[in-house]
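Reader: I am new to this structure and would like to learn how its labels are earned. Could we go through them together, one by one?

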Amino acid sequence: VPRADIDLEGSTKLKTYSQFVQDLDISSGVVTIDLSIAQSFTLTVDEAISNFKLTNPPSDSTTFTVKITQDSTGYSVGIDTFKDSGGSAIPVYWPGGVVPTPTTTAIRTDIYSFKIFNGDTPTSSGLYGVVGGQNFQN
């Protein structure tokens, strides 16, 4: 019984593949990440970010990545503050329990990836955050 549009019950070998990259916006300090649209996201920070709202996570496990670039000013980014579509907090677990400090230097980029092991219950199962790199000079 297929569980998705493409459902393979075995190993897969790909020579190459690509992913759609979705641009994100900030609205009154909130960035909405819709996982039904993409798993790779870019964000230019042009105001302070108080939280990220995660919508439409798949029922199972998934990973998503956000590339965050400061504009010519530089603002704070609440990288540890995720909420579901109802406004409930989603815990974020970081290696060693240390929350990274996002770069606020103008025209610099940070990359963060997040793993969800149970999209049905993100407020109890949480996200696992990984720093892909910080303070990249553009």
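Reader: Let us start with Y128. In which strand is the place of Y128?

Author: Y128 sits in strand β11, which covers residues 127-137. Please keep in mind that this is a predicted model.

Reader: Why is Y128 called partly exposed?

Author: Y128 has a relative accessible area of 39%. Buried would need under 20% and exposed over 50%, so Y128, at 39%, falls in between and is partly exposed.

Reader: What makes Y93, F117 and Y128 a nonpolar patch?

Author: Phe and Tyr belong to the nonpolar side chains that can be joined in this way, within 5 Å, and members of a patch need over 30% relative accessible area. Y128, at 39%, is above that cut-off. With Y93 and F117, Y128 makes up a nonpolar patch on the surface, and the three share about 330 Å² of accessible area.

Reader: Which residue in β11 does Y93 stand opposite?

Author: Y93 stands opposite Y128. In the pairing of β9 with β11, V92 likewise faces L127.

Reader: How do you know that β9 and β11 pair?

Author: Two strands count as paired if there are at least two bridges between them. β9 and β11 have 2 bridges, in the parallel sense, so they meet the requirement. β10 and β11 also pair, with 8 bridges, but these two run antiparallel. One of the bridge partners there is I116 with L127.

Reader: What is the order of the open sheet of 6 strands?

Author: The order is β1-β4-β6-β10-β11-β9, and the pairing is mixed.

Reader: Why do β1 and β9 stand at the edges?

Author: β1 (21-24) and β9 (92-93) each have a single partner strand, so each is left with one side that has no neighbour in the sheet.

Reader: Is K115 buried, partly exposed or exposed?

Author: K115, which is found in strand β10 (residues 108-116), has a relative accessible area of 27%. That is not under 20% and not over 50%, so K115 is partly exposed. K115 and G74 are 41 residues apart in sequence, with 27 Å between their C-alpha atoms.

Reader: What about the open sheet of 5 strands, and in which order do they come?

Author: They come in the order β2-β3-β5-β7-β8, with mixed pairing. The edges are β2 (26-27) and β8 (89-90), each of which pairs on one side only.

Reader: Why is β5 said to be largely enclosed by the rest of the structure?

Author: Of its 5 residues, 4 are buried, so β5 is largely enclosed. β5 pairs in parallel with β3 over 5 bridges and with β7 over 3 bridges. F52 has F82 as its bridge partner in β7. Further along this sheet, F82 stands opposite I90 in β8, where β7 (residues 82-84) and β8 pair antiparallel over 2 bridges.

Reader: How do you know that D34 has no salt bridge?

Author: A salt bridge needs a side-chain nitrogen of Lys or Arg within 4 Å of a carboxyl oxygen of Asp or Glu. For D34, the nearest side chain of opposite charge is K53, 9.6 Å away, so D34 is without a salt bridge. D34 is nevertheless buried. D34 lies in strand β3 (residues 30-34) and stands opposite T55 in β5.

Reader: What makes D34 and S36 a polar contact?

Author: The cut-off for such a pair of N or O atoms is within 3.5 Å. The side chains of D34 and S36 are joined at 2.6 Å, so this distance satisfies the cut-off. A second polar contact, of 2.9 Å, links the side chains of D34 and N56.

Reader: Where is the place of N56, and what is its phi?

Author: N56 is in the loop between β5 (51-55) and β6 (62-70). Its phi is near 55°, a positive value in a residue that is not glycine. N56 has 46% relative accessibility, which lies between the cut-offs of 20% and 50%, so N56 counts as partly exposed.

Reader: And what is the phi of N135?

Author: N135 has a positive phi of about 65°, although N135 is not a glycine. N135 lies in strand β11. At 38% relative accessibility, N135 also falls between 20% and 50%, so N135 is partly exposed.

Conventions: Residues numbered from 1 in each chain as written. Predicted model: local features only at pLDDT ≥ 70, side-chain atom pairs only at ≥ 80, totals over all residues. Heavy atoms only, no water. Patch = residues over 30% accessible without salt bridge, like charges linked within 9 Å, V, L, I, M, F, W, Y side chains within 5 Å. Areas by Shrake-Rupley, 256 points an atom, 1.4 Å probe, with all protein chains shown as cover. Buried < 20%, exposed > 50% of the residue type's maximum accessible area, 1.4 Å probe, protein only. Lys, Arg positive; Asp, Glu negative; His and termini not counted. Polar contact = N/O pair within 3.5 Å; in protein donor to acceptor, adjacent residues only side chain to side chain.
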